[in-house]
Structures are given as C-alpha cells and as structure tokens.
Amino acid sequence: MKSRFIVKAIVVGMVLGVALGGVLHSQLDAAGAKEISTYLNMITDVFLRLIKMVIAPLVLATLVTGVASMSGSGSIGRVGFKAISWFLIASLVSLGIGLVLANLFQPGTGLNLTVDPNQAVNTGLSAGSLSLPVFLSHVFPRSIIEAMGSNEVLQIVIFSLFFGSALAFVKGKGKSLIVDVLEELANVMFKVTDYVMYVAPFAVFAAIASTVTVHGLEMVMTFGKMVAQFFLGIALLWLLISLAGYLALGQRMKPLLSLMREPLLIAFSTASSEAAYPKTIAALEKFGANKRVTSFVLPLGYSFNLDGSMMYQAFIVMFIAQAYNIEMTFAHQVVVLLTLLVISKGTAGVARGSLVVLAAGLPMIGLPEAGLLLILAVDPILDMGRTATNVFGCSVATAVIGRHGNADEKDVAEGRLEGSTQVV
C-alpha cells in the first residue's frame, strides 16, 4: 500500500513539475529561468544526496554477505559467467537497435551541416576523463573509505569481492559475527531507504520543473522527430528485454514489472540510476530473486550493463553523421559498434558518461565533436529514457540470473547431501 502511494505521488509530481515548468518558462527570461532552476535543483540534490548516503553501505553489506555465502559452493564463477554473457549480448543488441533505427529513419538527414575547422568547439565535456589511467582509478580502489566516500560503486564491488571471499575462507563452516553484522546493516539501510523515499515525489517534481523551466517544452518540439524515434528504439529495447525475461521467467515476468514501477519512475524522472538502486534491490528481493546473486549481479550491471546508454550512443553517432552528410558504410558502422562497445565500459563513475563516450568516440571514428552541440539542449529528455532503460535492463538480467542461481544452489545442496549419504 505504501509503495503504491509513493508511485502515485511520483506520477503526480511529474505532472505538476511539467505544468509549473511550462508556466515559469513562459513568464521568465533566460536569466530568471536559470536562477529559479537553481533553487529547484536544491530539492533534487538533497534527495540524491540522501540516496547516495545509503548506496555505499548497502552495496558493501549485501555484496560481502552474498560473496561469503557463495564462495564455498563455487557459485561465483557460474554466476559471473552468466552475468558477463548477458551483459555482452545485451550491449550488442542495444547498439544494433540504435544503428538499425538510425539507418531506417535517417533522423539527421536534411540538416546539411558543414564542419568549420576554424571554429572552436566547447561542449562542456572532458573526453580526457575517458582514458586507461582514469578507467583503472575508477575500478581499483586505493582505500575502501575513499571509495565509499565518493560512492564509487565499482570500487566497492571490487573490495567486496576480495573481502567476501576472504571472509568465506576465514569463517569456514561456522557462522561469522561479521556476516551477522553486515546482514543487519543491510536491513537497517533498507529501512533508511523507506524513510528517504518520502522525499522522492518532491524531488521528482523539482527535477522535472527545473528542466522544463530552463529549456521549455519547445526543446522537445524542435527535435520532436528525433526524440520520438529515439523513444521508439527505447520501447523496442524494452520489448526485447521483456521477451528475454518472459522466456526465462515465464508468468513471473508480470509481477517483476509490477514491482519495478517505483524504481523505474524514480530513474526516469531524476535521470539517476543511483537514485533507483536501493528500491531496485528491494524490488528484486520481493520478487524472490536469489538474494546472494542479486547483491553480486546488480552492482556489476550498474557498471557494465547499460542497455539504454548503448542504444543512445549508436543512435546519436548516426544522427550526427547524417547531419553532416558523412557517409557511413556498413564496415564503418561495424567499427562504430565495436568502438562504442569497448570505450563505454570505461565510464563507470564518470559524470555524464554517455556524452563523455561520444565526446571521446566521435574523433576516433572521423566525426566532428561539434555534432554534440546539436543534442545538448534535448539531452535531459533523452537521459531520462536511457537511464530508466539501464535500470530496467539490469533488473531483468539480475532476476533471470538470480532464478538460475536458486537452481545452482539447489544442485549444490543435493550434491552435498548425496555425498554425505555415500560416506555414511
């Protein structure tokens, strides 16, 4: 009942945010709209800070206990292989959808832009943040305290894998006090999340109102065709993910969709996958996915299974090429796909990661970085769609792998039972 109330409140917040933003945009000049937007963003910022306050201890507690529980049975290798396989296939499919739709609809055709080599371009993005040293610094922590303080989820995952494996070795067959403490910490963090979620409708209202106040609804109309085609691709991607989930989960896919409404609304309206993380892991637990597998796969998915971002990057690359009348052969598009597949995996923890990937990738494939200026105004709307898709893809992947994780544990348990019988 409480969850349904919050979902309804979030929807109401989105509608009121659009209405208020539209009124403010029509009444204020650019400077005034920017100032009001700053004040509205304070509310959203408070909510995101409260959510980030929960994420680090929640990821650490759930992942360490999950790894410690699975290490002895050898489940980590099987689960990890399934997760990486899913992530790779999903990434290729997402990139493929973006390329196919861009070739089909030709969203950039007719703009007829030309590249001015003497024009300085400032997109506000740092492509230098996408490099091997930066990638390594976002993967391997110098300190778990530093990683938790900066909410570097991937670093927390790496530490938790080492710590959980060591904890499983130390505790042996006995129950460890550390495991009990971490399990209790996870329960407390879930309760704290419940408290924080009461702020969500206000944060959603402020986030939507802020965006519409600055850019107005005209930004959607100006690029309406491209935005509509992008969201058609998002819908197709959701359909394929849902179909994959249905083939693996059967009729249980329906309750999963129902449970995911709240985290997906939060992800869409705030354009932050982090904001949806606590509710996503809680929804998967209610769904019945293996808790140990969920705590292992979901953080990995948040770093490597970015279905919406992958489709977005492929679609926008083709849009820019068409806008500048740059021919992209089939072979060139394959290179684009492989390039984005590789460099997108280095954006864990990088601010505005999808745009940074494009800023770094466009010169690699011979496209002008100035093309990013075309989409910066409408990107907040696109960001909502790709973020919600990222969360949806991660949740379905975790639910499917978690289902097989239950089967793996059953097999292991039966194997141990048979072994003990034979010894007797």
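Here are a few worked exercises on this predicted model.

**Exercise 1. Get your bearings**

Find how many helices and strands the protein has, and what share of its residues is buried.

*Solution.* Start with the secondary structure: you should end up with 18 helices and 0 strands. Next, go through the 424 residues of the protein; buried ones make up 52% of them. Finally, look at contacts between residues at least 6 apart in sequence: 86% of these join residues at least 24 apart.

**Exercise 2. Two helices that cross**

Work out how helix α10 and helix α15 meet, and which residues make the contact.

*Solution.* First, locate the pair: α10 covers residues 224-249 and α15 covers residues 307-323. Their axes come within 11 Å and cross at roughly 145 degrees. Now check the hand of the crossing: α10 passes α15 in a right-handed one. Then pick out the residues. From α10 you need M226, Q229, F230, G233, I234, L237 and I241, and from α15 you need D307, G308, M311, Y312, F315, I316 and F319. Sort the residues of this contact by type and you get 10 nonpolar, 3 polar and 1 charged.

**Exercise 3. Rings together**

Describe the aromatic pair formed by F230 and F231, then say which cluster F230 belongs to.

*Solution.* Take the distance and the angle in turn. The ring centres of F230 and F231 are 5.4 Å apart, and the planes make an angle of 85 degrees. Since an angle over 60 degrees counts as edge-to-face, that's the label for this pair. The count for the model comes to 6 aromatic pairs. As for the cluster, F230 shares one with F231, Y312 and F315.

One more step: are these two Phe residues buried or partly exposed? F230 counts as buried because its relative accessibility is 0%. F231 has a relative accessible area of 25%, so F231 is partly exposed.

**Exercise 4. Charges over rings**

Find which ring R386 sits over, and which ring R252 sits over.

*Solution.* Begin with Y312, the ring you met in the aromatic cluster. The charged end of R386 sits over the ring of Y312, 4.0 Å from its centre. Then move to F287: R252 lies over its face, at 4.1 Å from the ring centre.

**Exercise 5. A lysine in a helix contact**

Decide whether K279 is buried or exposed, and trace what it touches.

*Solution.* K279 lies in helix α13, residues 273-287. Its relative accessibility is 13%, and buried means under 20%, so K279 counts as buried. Leave out residues up to four places away in sequence, and K279 touches T193, D194, M197, E262, P263 and I266.

Now zoom out to the helices. Helix α7 (residues 177-196) packs against α13 at an angle of about 120 degrees, with the axes 10 Å apart, and the crossing is left-handed. On the α7 side the contact uses F190, T193 and D194; on the α13 side it uses P278, K279, I281, A282 and E285. By type, the residues of this contact divide into 4 nonpolar, 1 polar and 3 charged.

**Exercise 6. An alanine with a distant partner**

Place A207 in its helix and find how far its C-alpha atom is from that of S37.

*Solution.* A207 belongs to helix α8, residues 200-215. With a relative accessibility of 11%, A207 counts as buried. A207 and S37 are 170 residues apart along the chain, yet 8.8 Å separates their C-alpha atoms. Setting aside residues up to four places away in sequence, A207 touches T44 and S269.

Technical notes
Residues are numbered from 1 along each chain as its sequence is written. This is a predicted model: local features need pLDDT of at least 70, side-chain atom pairs count only at pLDDT 80 or more; totals for chains, interfaces and linings use all residues. Side-chain values use heavy atoms; hydrogens and water are left out. Axes are lines fitted to C-alpha atoms, for helices over the stretch in contact, and angles run from 0 to 180 degrees between N-to-C directions. Helices (H or I, at least four residues) and strands (E, at least two) are DSSP runs, numbered from the N terminus. A crossing is left-handed if the near helix is turned anticlockwise from the far one by less than a right angle, and right-handed if clockwise. Contact means heavy atoms within 4.5 Å. Ala, Val, Leu, Ile, Met, Phe, Trp, Tyr, Cys and Pro count as nonpolar, Asp, Glu, Lys and Arg as charged, and the others, Gly among them, as polar. Rings of Phe, Tyr and Trp (its six-membered ring) pair if their centres lie within 6.5 Å; planes under 30 degrees apart count as stacked, over 60 as edge-to-face and the rest as tilted. Buried means under 20% relative accessible area, exposed over 50%, partly exposed in between (1.4 Å probe, protein chains only). A charge sits over a ring if NZ of Lys or CZ of Arg is within 6 Å of the ring centre and within 35 degrees of the ring normal.
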